[in-house]
Amino acid sequence: MKNVLIVGAGRLGKGFIAETFDRAGWKICFLDKDPRVKEELDREGCFYVKVHRTDRIEKRKVSGFQTFVCDPEHSCMNAFLKTDVIMLPLYPEDFEEAGYYLAPCFDEFYKVHPDRKLTLVCITNKNRLIPQIESAFQEKLQEETKKWFKDHVVIRDSIIRRSTDAENNYALHIDTVAVNSLLIQGPVYNDFDDVEWMELCDKLEMLKDIKVTAVNGPHASLAFLGCLKGYQTIPEAEADEEIAEIVEKVEQEIISGIMREYPVTSEELHNLIYFAPAKGVMPDSIYRVGYDPIRKLAFGDRLTGAARTCQKYGVSFKHIAIAIAAGFGYAEPRDRNAQILQADIRKMGIEKAVCRYTGLAENDEITKEILTQYDRLKKKDWIC
């Protein structure tokens, strides 16, 4: 039996990664820094995933896994020594900590299995992180292990094309939409051809740039605008005619910019961003999609990056600016970064907050458009 170690046992780690590898017959091990995640999994001994495919809804029970928490004793060591593939569904800020924690495990792996190779797959929406992730994973290694690591371990990026949701990270009932595969940067050292929804892909960095703007940009727009109208789910926002019209134009602007910026055909773009309708409606939450507006509004990310691309080629970015403005109005009380953002707007004013969090200059035309649209949204002027 092949073994996978999943670092991060939240929604994606359980509902997508573990469910998929379990279906293929792999042995599942979870490692998480949150003790409650482990406690909930251990208490029940299983978790449940509702998989929405194009032609059916499957209800799966996943059990027989091992769970570990990041403790000083590295209780995960024996499991680590048996692993073939390490999947890391983490937020960008968590990779460094994961690398530091796992360093003693790699040191021991080298001593016990000096000829074996490992594949690590990073699962995050942020692009071009692999060089700094590689540095973080090597920094705390012993010198001999560092030499071994360079020849025996590959760290690969991926493109997420699946919605997976639950009440929180430790919930044991998860919904996931299974219509597109996880695109993984090649080559890899370990074979996982038997695992459904895992697909090796060329030109991943370019495609990830495109995906983050063309898919996640409109998706975040729905969440930010939906929140302003008091909706709780993405389908509710999609059903609102005013929001739907704005988001449709956001998508048109983004695609116009993409087709000028990247050497990609319309067919390639369609294959990347098209999501076939899944059986049943999974009510994706605005809270999940809008989570961490600071990251989503950042310079080069899904919306500000798309606006800059449009600006570069003389394409209208008006509706992208509306979505960014809505992001600055995103005041979800359960979202710590949303509250930090709102506190800074109150403290320094919207003009300085926009410049701080988007990285744009005060006199930039995008900044001016965001401020114009922010003022209109505050006045509930949705006719754009």
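Colleague: How do I read burial for a single residue: is Asn127 buried or exposed?

Modeller: Compare its relative accessible area with the cut-off, since buried means under 20%. Asn127 comes out at 13%, so the residue counts as buried. Keep in mind that this is a predicted model.

Colleague: Where in the chain is Asn127 found?

Modeller: Asn127 belongs to the loop that runs between β7 (118–123) and α5 (130–139).

Colleague: Which residues does Asn127 touch, leaving out those up to four places away in sequence?

Modeller: Its contacts are Asp157, Glu205, Lys208 and Asp209. With Asp209 there is also a polar contact, side chain to side chain, at 2.8 Å.

Colleague: Asp209 is in helix α7. How many residues of α7 are buried?

Modeller: For a helix, look at the residues one by one and then at the whole element. Helix α7 covers residues 204–214, and 10 of its 11 residues are buried, so the rest of the structure largely encloses it. Among the buried ones are Leu204, Lys208, Asp209 and Lys211. Two of these, Lys208 and Asp209, are also contacts of Asn127.

Colleague: Why do residues three or four places apart in an α-helix point the same way?

Modeller: An α-helix has 3.6 residues a turn, so that spacing brings residues back to the same direction. In α7, burial takes in Met206, Leu207, Ile210, Val212, Thr213 and Ala214 as well as those already named.

Colleague: Next, salt bridges. How many are there?

Modeller: The count is 35. One of them pairs Asp194 with Lys2, with closest N and O atoms 3.3 Å apart. Asp194 sits in the loop between β12 (182–185) and β13 (198–201), and Lys2 in the segment before β1 (3–7), so this bridge ties together parts 192 residues apart in sequence.

Colleague: What accessibility do the two partners have?

Modeller: Asp194 is partly exposed at 37%, and Lys2 is partly exposed at 29%.

Colleague: Which acidic residues does Arg53 bridge to?

Modeller: Arg53 meets Glu58 with closest N and O atoms 3.3 Å apart, and the side chain of Glu196 at 2.8 Å, N to O. The pair with Glu196 joins distant parts of the chain: Glu196 is in the loop between β12 and β13, and Arg53 in the loop between β3 (46–52) and β4 (57–63), 143 residues apart. As for accessibility, Arg53 is buried at 9%, Glu58 is buried at 15%, and Glu196 is partly exposed at 29%.

Colleague: Which residues are linked with Arg53 in a network of salt bridges?

Modeller: The network takes in Glu19, Asp22, Arg23, Asp55, Arg56, Glu58, Arg60 and Glu196 along with Arg53.

Colleague: And the sheet: what is the order of the strands in the open sheet of 4?

Modeller: Strands of a sheet pair through backbone hydrogen bonds, parallel or antiparallel. Here the order is β4-β3-β11-β10, and the pairing is mixed. The edges are β4 and β10 (164–165), each pairing on one side only. Strand β10 runs antiparallel to β11 (residues 173–177), joined to it by 2 bridges. Within that pairing, Asp165 stands opposite Asp175 in β11.

Colleague: What does UniProt list for residues 3–166?

Modeller: An unreviewed UniProt entry gives them as "domain: Mannitol dehydrogenase N-terminal". In the model, that stretch is 41% helix and 29% strand, with its end C-alpha atoms 25 Å apart.

Definitions and conventions
Residues numbered from 1 in each chain as written. Predicted model: local features only at pLDDT ≥ 70, side-chain atom pairs only at ≥ 80, totals over all residues. Heavy atoms only, no water. Salt bridge = Lys/Arg side-chain N within 4 Å of Asp/Glu carboxyl O. Buried < 20%, exposed > 50% of the residue type's maximum accessible area, 1.4 Å probe, protein only. UniProt positions renumbered as here; feature names shortened; annotations may be inferred. Polar contact = N/O pair within 3.5 Å; in protein donor to acceptor, adjacent residues only side chain to side chain. Contact = heavy atoms within 4.5 Å. Pairing = 2+ DSSP bridges.
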